[in-house]
Structures are given as C-alpha cells and as structure tokens.
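Trainee: I have a new structure open and I'd like to learn how to read it. Could you walk me through it, one feature at a time?

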Amino acid sequence: MSESIYERIGGRDAVLAAVDLFYQKILADELINGFFETTDMQRQRGKMISFLTVAFGGPEKASGPSLRDAHAPLVARGLNDAHFDAVAGHLSATLDELGVPAELSGEVLSLVGSLRDEVLGR
C-alpha cells in the first residue's frame, strides 16, 4: 500500500506549518480577506487542519457540514471562481515556500481543484 499524501507531506507538523503560513497569505490578500472579517481564526485554523488531515488521508474522520453547506453563506456573499483561484494560489505558494516537491504539490492542488464545484455550490 502506498503512503498517503498526509504521510508524504510530513504528517501533522507539516499540516500545522502549512495552515499557519496559508492563513497569513489569505489574511493579507484584499481580494479574499473580507470573507474572514468576523471569523474566529483560531477555530478556522482548527477546521482547516482537520479538513486537510482527512483530505490527505491522515488519521482523522470527516465531521461537520459538507463543503457545500460550509461555504454556502460565503457563496451568498459573492464567493466565486476568482476567489477560489486566489485561495488555490496561496496554497500553491505555501507549498512552494515549505519546500514541498513539485509532484506532491501537484497532487495536492489537483485534489483541491476537484473540490471547486462543491465549494462554490454548483
């Protein structure tokens, strides 16, 4: 059996580092930071850590609302493809900054890209 993305990326420590750096980029981006104005960022980081752990095949089970339901209020506020692309770009930059190999980064970005329609409620 091959290793999961979670294992290959470096496990929990790598996910924690990625989430912290990722949200620094998100909160500095004027195109998308408005969606987080009233967000408890400590709680949001915890949700993202859990999500990435599950999505990457780590040792957690999925819980909480679906991606569609979780993002529906943001879609109602105008969340669209441009915002999704910006978030994906920040994830890509985060992975590059952390030295994730291009092949593994590509797998992660492909996984994230496959969730576009679910996140945007289509």
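Mentor: Sure, and let's start with a single residue and its contacts. Leaving aside neighbours within four places in sequence, aspartate 29 is in contact with Ala86 and His90. Keep in mind that this is a predicted model.

Trainee: Where is the place of aspartate 29 relative to the helices?

Mentor: Look at the loop between helix 2 (11-28) and helix 3 (41-55), and you'll find aspartate 29 there.

Trainee: Is aspartate 29 buried or exposed, and what is the nearest side chain of opposite charge?

Mentor: For a charged residue, check the cover and then look for a partner. Aspartate 29 is buried, yet it has no salt bridge. The nearest side chain of opposite charge is lysine 25, and that one is 10 Å away.

Trainee: Let me zoom out. How many helices and strands does the chain have?

Mentor: There are seven helices and zero strands. Reading along the sequence, you get α-α-α-α-α-α-α.

Trainee: How do I read the overall dimensions?

Mentor: Compare the radius of gyration with what a compact globule of that length would have. For 122 residues that would be near 14 Å, and the chain has 14 Å, so the two agree. If you'd like a box to picture, the C-alpha atoms fill one of roughly 40 × 30 × 25 Å along the principal axes.

Trainee: What share of the residues is buried?

Mentor: Buried residues are 34% of the 122 in the chain. As for the outside, the accessible surface comes to about 7,100 Å², and carbon and sulfur atoms hold 53% of that.

Trainee: And how do I tell which contacts join distant parts of the sequence?

Mentor: Sort them by separation along the chain. Take the contacts with a separation of 6 or more: residues 24 or more positions apart account for 75% of them.

Trainee: Can you give me a case with one residue?

Mentor: Try leucine 74, which is found in helix 4 (residues 67-76). Not counting residues up to four places away in sequence, leucine 74 touches Phe35 and Leu79. You can also compare C-alpha atoms: leucine 74 and leucine 120 are 46 residues apart along the chain, and their C-alpha atoms are separated by 8.7 Å.

Trainee: What does leucine 109 touch?

Mentor: With residues up to four places away left out, leucine 109 touches Ala88, Leu91 and Ser92. Leucine 109 lies in helix 6 (residues 102-113), and at 26% relative accessibility it counts as partly exposed. Its C-alpha atom is 11 Å from that of threonine 94, 15 residues apart along the chain.

Trainee: Now the charges. How many positive and negative side chains are there?

Mentor: The chain has 11 positive and 18 negative ones, and the centres of the two sets lie 6 Å apart.

Trainee: And how many salt bridges does the structure hold?

Mentor: Eight. For each one you study, ask which elements the two ends belong to. In one of them, the side chains of glutamate 118 and arginine 68 meet at 3.3 Å, N to O. Glutamate 118 lies in helix 7 (residues 116-119) and arginine 68 in helix 4, so the pair ties together parts 50 residues apart in sequence. Both ends are partly exposed: glutamate 118 has a relative accessible area of 29%, and arginine 68 is at 30%.

Trainee: Which residues are linked in a network of salt bridges?

Mentor: Asp81, Asp85, Arg116, Asp117 and Arg122 are linked that way. Start with aspartate 81 and arginine 116, whose side chains meet in a salt bridge of 2.8 Å, N to O. Aspartate 81 is in helix 5 (residues 81-97) and arginine 116 in helix 7, so this pair ties together parts 35 residues apart in sequence.

Trainee: What other salt bridge should I look at there?

Mentor: Arginine 122 meets aspartate 81 too, in a salt bridge of 2.9 Å, N to O. That pair links distant parts of the chain, with arginine 122 in the segment after helix 7 and aspartate 81 in helix 5, 41 residues apart.

Trainee: How accessible are these residues?

Mentor: They count as partly exposed: aspartate 81 is at 29% relative accessibility, arginine 116 at 22%, and arginine 122 has a relative accessible area of 46%.

How values were computed. Residues numbered from 1 in each chain as written. Predicted model: local features only at pLDDT ≥ 70, side-chain atom pairs only at ≥ 80, totals over all residues. Heavy atoms only, no water. Helix = DSSP H or I, 4+ residues; strand = E, 2+ residues; numbered from the N terminus. Rg over C-alpha atoms; globule rule 2.2 N^0.38 Å. Buried < 20%, exposed > 50% of the residue type's maximum accessible area, 1.4 Å probe, protein only. Contact = heavy atoms within 4.5 Å. Areas by Shrake-Rupley, 256 points an atom, 1.4 Å probe, with all protein chains shown as cover. Lys, Arg positive; Asp, Glu negative; His and termini not counted. Charge placed at Lys NZ, Arg CZ, Asp CG, Glu CD. Salt bridge = Lys/Arg side-chain N within 4 Å of Asp/Glu carboxyl O.
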